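Here is a briefing on one protein chain. Keep the sequence and the 3D view open as you read.

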Amino acid sequence: MTDQLLDAAEFRGAVRAFANREIHPGAAFRDETREFPAELVKRLGEQDLMGISVPEEFGGLGLSTRTQLIAIEEVARTDAALASIYTAHYLGLEPILVGGTEEQKSRWLPRLASGELLAGFALTEPDAGSDIASMRTTARREDDGWHLSGSKTYISNAKEADLVVVFAKTDPSAGFRGITAFVLPQGTPGVSYSEPQDKLGIRSAPTYTVYLDDVVLPHDAVVGTEGRGGNIALTALNRARVDVAAMANGIALRAWELGRSYAAERKQFGHPIAEFQAIQLLLGACDAQLVASRVTADWAADVKDAGADLRRAASVSKYVATEACFSIVDQTVQIHGGAGFMRESEIERLYRDCRILRIFEGTSQIQLLTIASNAPSPHSTEF
């Protein structure tokens, strides 16, 4: 156990040093310009961070989900937008990992895990968010392949990704069971994109509306089997929610650091404000929330690695972490006072960045509904 903790500490230290050195210095500039950090995405691959939990047989490191969470947390601590690109990559490769054929896994996963390819995930539509069964994008089988038509919106990495897993109705009458997943490589004819959408936060992580105009994909582009797309999507999203919890924890950690630092430096009435009980109460609350949130994320990671049903743990971890993150950032803005409201302050950027976390990969309200519907029985000994 000691060796495992030491290894985790060493891994965190290595990722933090890399992130402090290469990611953090340009984060504010990228937020201002909305510049996609292509070179940093490449560097994540060179640091062996793009396939941490992908099995070794498919080119990954084969490490635990907890290890993946450490990397996501440390990237998010220095640039939430890059962390969003990073977690979207894992979300994009997950359907292939959990639902793809052996040929698809061998073909795509090694290149995704090495960082040679960047992945995306296209599920949401203008009229289909949490209710994925109402999607209108369709795919029909023809002799020359599958013909896809429709649109997706708020799609991260869409234009920059080398491949996107896209979901469409192959049997519109079957609802959820009529959804199929497809691998859509970059450069496929018939695919077009909106301009990057202008967002409140994570501004250098571009999102797009994606238009599919009679896009033809080969028959073997189906991920796994026809009609399994709905289950594949939800499985991938459950796993992604644990990653989002780590992203939230990274932002919260940085906010707490900034709050403590500012409180130690800012003086009022001849004393650092860190000596005032009102500020100590804010910092103490942030500390407690962050500890609880990280423990919950680690619990969900262990549930995932045990192969158990992840729905409840994923939703608990995402809900706890994202709500705690928003609270922690808000309280540390309060500690900064007027300085925290200024655009040049880092905490102001964190305030904008953290808001999306309570929305994407399922809103906080959807997480609560999932938790309620998957609660253990009153006599269960489950945590």
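The points below go from annotated domains to cores, helices and single residues. The model is predicted. Its largest nonpolar core holds 93 residues. Helix α7 gives the most to this core.

**Annotated domains**

- An unreviewed UniProt entry annotates residues 120–215 as "domain: Acyl-CoA oxidase/dehydrogenase middle".
- In the model, residues 120–215 are 48% strand and 0% helix. The end C-alpha atoms of this span are 17 Å apart.
- The unreviewed UniProt entry also places "domain: Acyl-CoA dehydrogenase/oxidase C-terminal" at residues 227–374.
- Residues 227–374 are 75% helix and 3% strand. Here the end C-alpha atoms lie 24 Å apart.

**Nonpolar cores**

- Which members of the 93-residue core touch the most other members? They are Tyr86, Leu112, Phe167, Met247, Ile251 and Val329.
- Helix α7 covers residues 229–265 and supplies 19 residues to this core.
- Another core of 20 residues lies apart from it. Trp146, Leu148, Ala161 and Val210 are among its members.
- Follow Met247 in the 3D view. Leaving out residues up to four places away in sequence, Met247 touches Ile72, Ala76, Ala80, Ala83, Ser84, Thr87, Ile202, Leu357 and Phe360.

**Helix α5**

- Helix α5 runs over residues 80–99. At 1.5 Å a residue, its 20 residues should span 28 Å. The end C-alpha atoms are 29 Å apart, so the model agrees with the expected span.
- α5 bends by about 30° at Leu93. A proline, Pro95, follows within four residues.
- Is α5 largely enclosed or exposed? It is largely enclosed by the rest of the structure, because 19 of its 20 residues are buried.
- Look at the start of α5. There, a side-chain oxygen of Asp79 comes to within 3.0 Å of the backbone nitrogen of Ala81.

**Two residues with positive phi**

- Most residues other than glycine have a negative phi.
- Ile202 is not a glycine, yet its phi is near 35°, a positive value.
- Ile202 sits in the loop between β6 (191–193) and β7 (207–217). With 5% relative accessibility, Ile202 counts as buried, because the cut-off for buried is under 20%.
- Phe269 also is not a glycine, and its phi is positive, at about 55°.
- The loop between β8 (267–268) and β9 (271–272) holds Phe269. Is Phe269 buried or exposed? Phe269 counts as exposed, because its relative accessibility is 76% and the cut-off for exposed is over 50%.

**Gly362: a link across the sequence**

- Gly362 lies in the loop between α10 (346–354) and α11 (364–373).
- Its relative accessibility is 14%, so Gly362 counts as buried.
- Gly362 and Ser130 are 232 residues apart along the chain. In space, their C-alpha atoms are separated by 6.5 Å.
- Gly362 touches Arg241, Lys318 and Gln367, when residues up to four places away in sequence are not counted.

**Glu257: a residue of α7**

- Glu257 belongs to helix α7.
- At 15% relative accessibility, Glu257 counts as buried.
- Which residues does Glu257 touch, not counting those up to four places away in sequence? Glu257 touches Arg16 and Arg77.

Terms used:
Residues numbered from 1 in each chain as written. Predicted model: local features only at pLDDT ≥ 70, side-chain atom pairs only at ≥ 80, totals over all residues. Heavy atoms only, no water. Core = buried A, V, L, I, M, F, W, Y, C linked by side-chain atoms within 4.5 Å. Buried < 20%, exposed > 50% of the residue type's maximum accessible area, 1.4 Å probe, protein only. Helix = DSSP H or I, 4+ residues; strand = E, 2+ residues; numbered from the N terminus. Contact = heavy atoms within 4.5 Å. Expected span 1.5 Å × (residues − 1). Bend = angle between axes of the 7 residues up to and from the residue. Polar contact = N/O pair within 3.5 Å; in protein donor to acceptor, adjacent residues only side chain to side chain. UniProt positions renumbered as here; feature names shortened; annotations may be inferred.
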